[in-house]
Amino acid sequence: MSLDLAVMKTNLETIKQEIQGAIASEAVTVEVSQTGSQLTVIFNRPKDKTVDFTALADQVVDILNRQPLGRINFVKFYGRKTGGTPEWEYAEPLSSPPSQAVIQEKLQTGLSEFGQRFQFYNQTITAASALAIVLMLLLRGLFPNDKWEYKMVSVRATEVSSEVYSKFSAKEVSLIKLESEVEKLGKQGWELVDSFVEDETVHPNFGNEKYVTGLQPNVRPNRVVLLFKRKTWL
């Protein structure tokens with residue numbers, strides 16, 4: 001057996017197996033042969049079963065058009081009862097799958113078109129962004145915004161326990177609370193512009209010797225007041 005005949009036999013066996021596997025649910029057996037550039041496919045149906053040969057042929061043509069068939073460019077179908085004479089026939093030309101060179105060319109063309117479109121979109125977006133920035137600067141120049149809104153936040157001091165004079169215990173302001181307020185409002189666009197401590201009297205004078213009398217320098221913080229500002233566009 002020559003090499004060409006061996007290759008042809010191997011290809012036919014592969015084609016037969018693929019077709020048979022695709023239509024196995026129809027209980028139809030397949031015979032495949034080749035004459036020149038024509039492939040012949042015979043469907044053998046059971047004697048007690050009706051088969052849609054046209055639907056099978058369409059299915060097989062779809063399979064063959066995806067195969068590298070070499071010089072085969074035409075397929076002839078026959079349908080019959082097993083062992084009987086043909087009761088149906090159909091023929092159709094085949095479209096061979098594109099070669100590797102054609103696939104590579106289409107891929108390169110697609111990539112080139114994609115690159116051109118991407119460059120166009122990129123230039124369009126860049127131009128639009130630049131135009132938006134220019135318009136924003138022009139609007140700021142024509143309509144300067146000098147309006148501000150202000151917010152005042154107070155953080156109260158807490159007492160530091162004293163075992164002897166619980167009523168006159170010292171107070172302190174938590175730095176953690178202060179930092180938390182400043183950070184929270186900073187994320188909202190508020191800028192801290194000032195702060196001050198509001199004090200209170202530690203030793204009240206009730207005219208009683210049990211209390212400290214006269215002017216006393218003893219004071220303690222009552223709260224820390226934070227003043228914020230931010231621009232408003234309204």
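Biologist: How many salt bridges does the count come to here?
Modeller: Keep in mind that this is a predicted model. A pair gets counted when a side-chain nitrogen of Lys or Arg is within 4 Å of a carboxyl oxygen of Asp or Glu. By this rule, the count comes to 7.

Biologist: OK, let's pick one. Which residue forms a salt bridge with E31?
Modeller: Look for the pair whose closest N and O atoms are 3.0 Å apart. E31 lies in strand β1 (residues 29-35) and its partner in strand β3 (residues 74-81), so the pair ties together parts that are 49 residues apart in sequence. The partner of E31 is R80.

Biologist: Is R80 buried or exposed?
Modeller: Buried means under 20% relative accessible area. E31, on the other end of the salt bridge, has 34%, so E31 is partly exposed. R80 has a relative accessible area of 17%, so R80 is buried.

Biologist: And N44, what is it in contact with, and which side chain does its own side chain make a polar contact with?
Modeller: N44 sits in strand β2 (residues 38-45), and at 4% relative accessibility it counts as buried. Leaving aside neighbours within four places in sequence, N44 is in contact with A27, V28, T29, E31, R80, K81, T82 and G83. Both ends of the E31 salt bridge are in that list. The polar contact, at 2.6 Å, is with the side chain of R80.

Biologist: Let's try a helix. Where do K187 and E183 lie?
Modeller: These two form a salt bridge, with the closest N and O atoms 3.8 Å apart. K187 is exposed, with a relative accessible area of 69%. The two residues are 4 apart, about one turn of the helix, and both lie in helix α4 (residues 175-187).

Biologist: Now the strands. How many bridges pair β8 with β9?
Modeller: Strand β8 (residues 191-201) pairs with β9 in the antiparallel sense, and F196 stands opposite V225 in β9. On top of that, strand β5 (residues 148-156) runs antiparallel to β9 (residues 219-231), joined by 9 bridges, with Y150 opposite K229. For β8 and β9, the number is 10.

Biologist: Which residue forms a salt bridge with E198?
Modeller: E198 lies in strand β8 and its partner in strand β9, so the pair ties together parts that are 25 residues apart in sequence. E198 counts as partly exposed at 28% relative accessibility, and the partner is partly exposed too, at 22%. The closest N and O atoms are 3.1 Å apart, and the partner is R223.

Conventions: Residues are numbered from 1 along each chain as its sequence is written. This is a predicted model: local features need pLDDT of at least 70, side-chain atom pairs count only at pLDDT 80 or more; totals for chains, interfaces and linings use all residues. Side-chain values use heavy atoms; hydrogens and water are left out. Buried means under 20% relative accessible area, exposed over 50%, partly exposed in between (1.4 Å probe, protein chains only). A polar contact is a pair of N or O atoms within 3.5 Å; within protein, one must be able to donate a hydrogen and the other to accept it, and residues adjacent in sequence count only if both atoms are side-chain atoms. Contact means heavy atoms within 4.5 Å. Two strands pair if DSSP finds at least two bridges between them.
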